[in-house]
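I am opening a fresh notebook page. I want to look up a metal site first, then a pocket.

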Amino acid sequence: MQSLGSGSSGNAFLIKTDGASILLDCGVGIRTIDRALRIHDRRLDNLDAVLITHEHSDHIRSLASLFGKKTPIVATAGTRRQANIPPPQWEEITFARPLAIGSVSVWAIMVKHDAREPCGYLIETPHARISVFTDLGSWHERLVEPIRASDLVVLESNHDEELLRNGPYPAYLKRRVASDVGHLSNDICACSLASALGSGRLQPTIWLAHLSQTNNSPGLAENAARSAFFDVGLSLDVSALPRTVSGPVWTPTTVREVSSWTPKRVPPESSQLTLDSLP
Ligand SMILES: [Zn+2]
Ligand SMILES: [Zn+2]
């Protein structure tokens, strides 16, 4: 798994297993994607699938270059409409069941963001699980299970709350980013991960993603995560993904047999306890 860019300038991940090569989001330049595939001896024409999280341009900028090819484009129905994915190429994914791409299973997990039907993904190969959640304004209980089940966790750590508050963004943009359909702050990312992973059996690698150039720095995001982990007795490999260039390649350190992941029931959106719903 490699990030080819992570942030408002463009997002894409390349996932390569023995049997499949999959692109997750298509928001970086098509030549960057082509180059990354060639390094692994693959071509754009034989990508096995492209998974799309939502229709914002930093996630689909180069998607039209793949229209007309044989590659299936996996997206929710809402994202398909907003991203104008041609129906013959569209492979629908719902929140109810996984999709098989060769030996890889893919689950879409609902997130809150100001897009039509956005999602994150849990990707399960025979030997490892990866979960990817970027572009979400708020944490939800339903993210705990996929994150606890993963060997690599990619979670948005978009902004430092104080830098956003005091920074140069116009008021409407500050409100949008900080809203529960905007982007996840360093503190929410760090505390949510620490509480999700605190008593877990796996010690996943953590990639902090979609950092703001204006309202964050890799050091701030990494320190927030490390100190939250320290507080719950965790010492995990944490790194912030570079925004505009490719990041490191992750491969599972131990080869383990992964049994099929199935979600337990999680509370629906409406029964979520929020500060507003407290008496
Ligand atoms: Zn984005
Ligand atoms: Zn977005």
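Before I start, I note what a donor is: an N, O or S atom within 2.8 Å of the metal, with 3.2 Å allowed for Na, K and Ca. I also note that this model is predicted.

**Entry 1: the metal site.** Which atoms coordinate the zinc ion (ligand 2)? I found His54 (NE2), His56 (ND1), His113 (NE2) and Asp135 (OD), at 2.2 to 2.4 Å. Along the chain, the donors of this zinc ion (ligand 2) follow the spacing H-x1-H-x56-H-x21-D. The pair of histidine 54 and histidine 113 links distant parts of the chain, 59 residues apart. I placed histidine 54 in the loop between strand E4 (49-51) and helix H2 (57-60). Histidine 113 sits in the loop between strand E8 (104-110) and strand E9 (119-124).

**Entry 2: angles.** Why is the arrangement irregular? The four donor atoms around the zinc ion (ligand 2) subtend angles of 92 to 169°. Tetrahedral would need all angles between 85 and 135 degrees.

**Entry 3: the other zinc.** I looked up the zinc ion (ligand 1) too. The zinc ion (ligand 2) and the zinc ion (ligand 1) are 3.6 Å apart. Aspartate 135 coordinates both.

**Entry 4: burial.** Are the two histidines buried or exposed? Histidine 54 is buried, with a relative accessible area of 1%. Histidine 113 is buried as well, at 4%.

**Entry 5: the largest pocket.** I read about 430 Å³ of space in the largest pocket. Its lining has 20 residues, and Lys16, Thr17, Asp18, Thr251 and Pro252 lie nearest the centre. Strand E2 (residues 12-16) gives the largest share of the lining, three residues. I sorted the lining into ten nonpolar, eight polar and two charged residues.

Terms used:
Residues are numbered from 1 along each chain as its sequence is written. Chains are lettered from A and ligands numbered from 1 in the order in which they are written. This is a predicted model: local features need pLDDT of at least 70, side-chain atom pairs count only at pLDDT 80 or more; totals for chains, interfaces and linings use all residues. Side-chain values use heavy atoms; hydrogens and water are left out. Four donors count as tetrahedral if all angles lie between 85 and 135 degrees; four count as square planar and six as octahedral if opposite donors are over 155 degrees apart and all others between 65 and 115; anything else is irregular. Helices (H or I, at least four residues) and strands (E, at least two) are DSSP runs, numbered from the N terminus. Buried means under 20% relative accessible area, exposed over 50%, partly exposed in between (1.4 Å probe, protein chains only). On a 1 Å grid over the protein atoms alone, a cavity is a set of points where a 1.4 Å probe fits but cannot get out, and a pocket is an open set with protein on both sides within 12 Å along at least five of seven lines; lining residues have an atom within 4 Å of a point. Grid points are joined across faces, edges and corners, and a volume is the space filled by probe spheres set on the points. Ala, Val, Leu, Ile, Met, Phe, Trp, Tyr, Cys and Pro count as nonpolar, Asp, Glu, Lys and Arg as charged, and the others, Gly among them, as polar.
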